[in-house]
There are 2 protein chains.
Amino acid sequence: MISDTRALAGDLALAVVRLTRHLRGRRTDSRVSLTQMSAMATLSQEGAMTPGALAARERVQPPSMTRVIASLHDLGLVERTPHPTDGRQIIVTLSESGAELLADEAQAREAWLTERLEKLDPDSLATLQRAVGILSTLVSENS
Amino acid sequence: MISDTRALAGDLALAVVRLTRHLRGRRTDSRVSLTQMSAMATLSQEGAMTPGALAARERVQPPSMTRVIASLHDLGLVERTPHPTDGRQIIVTLSESGAELLADEAQAREAWLTERLEKLDPDSLATLQRAVGILSTLVSENS
DNA sequence: TATTGTTATACTCTATAACTATA
DNA sequence: TATAGTTATAGAGTATAACAATA
């Protein structure tokens, strides 16, 4: 059944890159991008943290996260408070409207993808659900 | 088992976006990007075609494909020949060295991902393999 | 001196709008 | 006039290098 892990890696890479291209392009109706959603989802699931910690958790470099946080802050979706003891650090928190948006989008977001998923049979959906769990562990492994 | 298709859509979107971020960032050792690989893979699988057809097949806009083709042409990985009867069109073909590179990379590419996949149990690999097929059909559906 | 975060800068990927050449 | 492709331009997302503030 499993012929070649390397071939699977290549196929998987192309599949996720192509799907991401669709997802990014089709989100123009939403107020936030997938990158912003991803950061907000992490803040929601793991609680407030410093920009450095969020960058590490999202596996991007600190300057990249600075930009994401700045854009979310401009939209009022996150708050930045000083660290209580270390003046170098700041704490990024999901704001009330950020939490609301996250909840709203969890209902309405990815309409294109949801529509297609609804046409799949239960077995395919179960497979995708397991795959999401596997992919998440792949990415969250230490480098 | 399948609780909510919309929730799955959100989880799947975040998972593929994060994995794509890794894959793009880690390919600096390769001569070509994932976008370029994707276009070359399509040319390899479906044969020579016009830029417009390749853009449609890859689900990007024509100007985006123009740039991808130009970069591949600069690298000598594709060839551009005039259309036999319609002077407006051109035919894009995978060059010999393009085909070679595709074959070589099929062995060595995605080392990071391959390494992680090799640590998975056979059941997880089978799940991913099925998931790749499902994701591919999702993206290739008509808009 | 080491750490945290930011600024400056640049590159890739993608899009839309406008243009050119051909049909 | 319509179509195929390109050029011009812009914006998002990411990176590295250099800087400032604090520990």
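**Close-up views of a protein pair on DNA**

**View 1. Chain B meets DNA strand D.** In this predicted model, a polar side-chain atom of B:Thr66 sits 2.9 Å from a phosphate oxygen of DNA strand D. The side chain of B:Arg80 also reaches the backbone of this strand, with an N or O atom 2.6 Å from a phosphate oxygen. B:Arg88 takes another route: an N or O atom of its side chain is 3.0 Å from a base oxygen of DNA strand D. Two or more residues of the surface near this strand come from each of H4 of chain A, helix H3 (51-58) of chain B and H4 of chain B.

**View 2. The wider surroundings of DNA strand D.** Step back a little and you will find 23 residues around DNA strand D, of which A:Ser33, A:Ser64, A:Arg67, B:Arg21 and B:Arg80 come nearest. Six of the residues in this surface are nonpolar, 10 are polar and seven are charged. Of the atoms of DNA strand D within 4 Å of the protein, sugar or phosphate makes up 70%, and bases provide the rest.

**View 3. The surface near DNA strand C.** Here 24 residues surround DNA strand C, and A:Arg21, A:Arg80, B:Ser33, B:Ser64 and B:Gly87 are the nearest of them. Sugar and phosphate make up 72% of the atoms of this strand that come within 4 Å of the protein. At least two residues each are supplied by helix H3 (51-58) and helix H4 (62-74) of chain A and by helix H4 (62-74) of chain B. H4(A) gives the most, with four residues. Sorted by class, the surface holds six nonpolar, 10 polar and eight charged residues.

**View 4. Polar contacts with DNA strand C.** Look for the side chain of A:Arg21, where an N or O atom is 3.2 Å from a phosphate oxygen of DNA strand C. A:Gly52 uses its backbone instead, placing an N or O atom 3.0 Å from a phosphate oxygen of this strand. For a contact with a base, turn to B:Arg67: an N or O atom of its side chain is 2.9 Å from a base oxygen of DNA strand C.

**View 5. Chains A and B together.** A turn of 180° with a shift of 0.0 Å along the axis lays chain A on chain B with an RMSD of 0.1 Å. The two copies are thus related as by a two-fold rotation axis. Both use the same surface, since 100% of the contact residues of chain A recur in chain B.

**View 6. The largest nonpolar core.** This core has 44 residues, and A:Leu117, A:Leu128, B:Leu117 and B:Leu128 have the most contacts inside it. Helices H1 (5-25), H6 (111-117) and H7 (122-140) of both chain A and chain B give two or more residues each. Beyond its neighbours within four places in sequence, A:Leu128 is in contact with A:Leu117, A:Leu120, B:Leu8, B:Leu12, B:Ala131, B:Ile134 and B:Leu135. A second, separate core of 21 residues includes B:Val32, B:Met40, B:Ile69 and B:Leu77.

**View 7. A buried glutamine in chain B.** B:Gln36 belongs to helix H2 (residues 34-46) of chain B. With a relative accessible area of 11%, B:Gln36 counts as buried because the cut-off is under 20%. Its side chain reaches the backbone nitrogen of B:Ser33 at 2.7 Å and makes a polar contact of 2.9 Å with the side chain of B:Ser71. Not counting residues up to four places away in sequence, B:Gln36 touches B:Arg31, B:Val68, B:Ser71, B:Leu72 and B:Leu75.

How values were computed:
Residues are numbered from 1 along each chain as its sequence is written. Chains are lettered from A and ligands numbered from 1 in the order in which they are written. This is a predicted model: local features need pLDDT of at least 70, side-chain atom pairs count only at pLDDT 80 or more; totals for chains, interfaces and linings use all residues. Side-chain values use heavy atoms; hydrogens and water are left out. Copies are superposed by least squares on the C-alpha atoms of residues with pLDDT of at least 70 in both. Contact means heavy atoms within 4.5 Å. A residue is near a molecule or strand if one of its heavy atoms lies within 4 Å of it. A polar contact is a pair of N or O atoms within 3.5 Å; within protein, one must be able to donate a hydrogen and the other to accept it, and residues adjacent in sequence count only if both atoms are side-chain atoms. Ala, Val, Leu, Ile, Met, Phe, Trp, Tyr, Cys and Pro count as nonpolar, Asp, Glu, Lys and Arg as charged, and the others, Gly among them, as polar. A nonpolar core is a set of buried Ala, Val, Leu, Ile, Met, Phe, Trp, Tyr and Cys residues joined through side-chain atoms within 4.5 Å. Buried means under 20% relative accessible area, exposed over 50%, partly exposed in between (1.4 Å probe, protein chains only).
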